[in-house]
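Subject: Structure handover

Hello,

Here is the structure I promised you. Please open it beside this email and follow along.

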Amino acid sequence: MDHSHMDHGSMDHSAMGHGDMGHGDMPMPMCSMNMLFTWNTNNLCIVFRQWHVRGTASLVFSLLAIVAICAGYEALREGIRRYESSVAAKQDSVPRRSSQADAVGQRAHIVRAVLYGIQNFYAFMIMLLFMTYNGFVMISVAVGAGLGFYFFGSHTKALKETACH
C-alpha cells in the first residue's frame with residue numbers, strides 16, 4: 001500500500017513513551033554507519049554501540065585494541081595448529097585399534113570442533129571490524145594480522161587457505 005501521500009511531519013510523538021531516555025537536555029550523539037569507504041571518525045562506533053569513538057584518544061586506543069585483537073587471532077590459529085600437532089603425536093604413540101586410541105580421537109575431535117567454532121566466531125568478528133568501512137580501522141586490522149603473522153605464524157604459509165578466516 002502506498003503511503004507516500006500521508007504527511008506525518010506534524011504528528012506529536014511526545015505521548016509515545018520515549019521521554020528523555022535519561023539523557024536530560026543533552027542530545028546523545030548517534031553512531032554513524034557508513035556503507036562506503038571513509039576516513040571520517042565522527043561518531044564512529046566499532047561493532048557495538050558502546051564502543052563509540054568520541055575523540056582522538058579513544059580513536060588511538062581503539063585502533064591499538066583492533067591491532068591486538070587481530071594479532072590475537074593469529075595467536076589462536078597458531079595455538080590450534082600446535083594442539084593438532086600434539087594430538088597427532090599422541091595418536092601416533094598409541095596402538096591404532098585400541099580403546100585408548102578411540103578415546104584420544106574422540107576427545108580430540110570434540111576439542112577441535114570447539115576450537116573451530118571459536119576460530120570462526122573470532123574471524124567473523126574481525127570481518128565486522130573491517131566492515132565499518134573506516135580506513136583507520138581497516139588499516140589496523142591489516143597491521144594486526146601482519147604483526148600476528150610475524151609473531152605467531154612462523155609455521156604457517158603466508159598464503160591463506162580460505163578467503164575470510
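**The whole chain**

Contacts in the protein chain with a separation of 6 or more come 66% from residues 24 or more positions apart. Keep in mind that this is a predicted model. The protein chain has 165 residues, and 26% of them count as buried. Its secondary structure comes to three helices and two strands. Along the sequence, the pattern reads β-β-α-α-α.

**Helix 1 against helix 3**

Start with two helices. Helix 1 covers residues 56-93, and helix 3 covers residues 135-152. They pack at an angle of about 35 degrees. Their axes are 7 Å apart. The crossing of helix 1 and helix 3 is right-handed.

Which residues in helix 1 meet helix 3? Here is the helix 1 side: Leu63, Ile66, Val67, Cys70, Ala71, Glu74, Ala75, Glu78 and Arg81. On the helix 3 side, the residues include Phe136, Val137, Ser140, Val141 and Gly144. Leu147, Phe149 and Phe152 are also among them. By class, this contact of helix 1 with helix 3 has 14 nonpolar, three polar and three charged residues.

Now look at single residues in that contact.

- Leucine 63 lies in helix 1. It has a relative accessible area of 15%, so it is buried, the cut-off being under 20%. Leaving aside neighbours within four places in sequence, leucine 63 is in contact with Phe136, Val137 and Ser140.
- Leucine 63 and isoleucine 139 are 76 residues apart along the chain. Their C-alpha atoms are separated by 8.9 Å.
- Serine 140 lies in helix 3. Its relative accessibility is 7%, so serine 140 counts as buried. Neighbours within four places in sequence aside, serine 140 is in contact with Leu63, Ile66 and Val67.
- Cysteine 70 has 3% relative accessibility, so it counts as buried. Cys70 is one of the helix 1 residues that meet helix 3.

**A residue in helix 2**

Helix 2 covers residues 99-130, and valine 111 lies in it. Is valine 111 buried or partly exposed? Valine 111 is partly exposed, because its relative accessible area is 30%. Now find isoleucine 80. Valine 111 and isoleucine 80 are 31 residues apart in sequence. In space, they are 9.9 Å apart, C-alpha to C-alpha.

**The disulfide**

A quick reminder first. A disulfide is a covalent bond between the sulfur atoms of two cysteines. How many disulfides are there here? The count comes to one.

The disulfide joins cysteine 31 to cysteine 45. The S to S distance is 1.9 Å. The torsion about the S-S bond is about -65 degrees, so this disulfide is left-handed. Cysteine 31 lies in the segment before strand 1 (44-45), while cysteine 45 lies in strand 1. The pair therefore ties together parts that are 14 residues apart in sequence.

The two cysteines fall into separate exposure classes. Cysteine 31 has 31% relative accessibility, so it counts as partly exposed. Cysteine 45 has 11% relative accessibility, so it counts as buried.

**Aromatic pairs**

The structure holds four aromatic pairs. One of them joins phenylalanine 37 and tryptophan 39. That pair is edge-to-face, at 5.3 Å centre to centre, with 90 degrees between the planes. Phenylalanine 37 counts as partly exposed, at 49% relative accessibility. Tryptophan 39 is also partly exposed, with a relative accessible area of 44%.

Tyrosine 150 and phenylalanine 151 form a pair too. Their ring centres are 5.1 Å apart. Their planes stand at 80 degrees, so the pair is edge-to-face. Tyrosine 150 and phenylalanine 151 are both exposed.

Finally, find the ring cluster. Which residues does it link? Ring pairs link Phe37, Trp39 and Phe136. You have met Phe136 before: it is one of the helix 3 residues that meet helix 1. Phe136 is also in contact with leucine 63.

Best wishes

Key. Residues numbered from 1 in each chain as written. Predicted model: local features only at pLDDT ≥ 70, side-chain atom pairs only at ≥ 80, totals over all residues. Heavy atoms only, no water. Axes fitted to C-alpha atoms, helices over the stretch in contact; angles between N-to-C directions. Helix = DSSP H or I, 4+ residues; strand = E, 2+ residues; numbered from the N terminus. Left-handed = near helix turned anticlockwise from the far one by under 90°. Contact = heavy atoms within 4.5 Å. Nonpolar A, V, L, I, M, F, W, Y, C, P; charged D, E, K, R; others polar. Disulfide = S-S within 2.5 Å. Buried < 20%, exposed > 50% of the residue type's maximum accessible area, 1.4 Å probe, protein only. Phe/Tyr/Trp six-rings, centres within 6.5 Å; stacked < 30°, edge-to-face > 60°.
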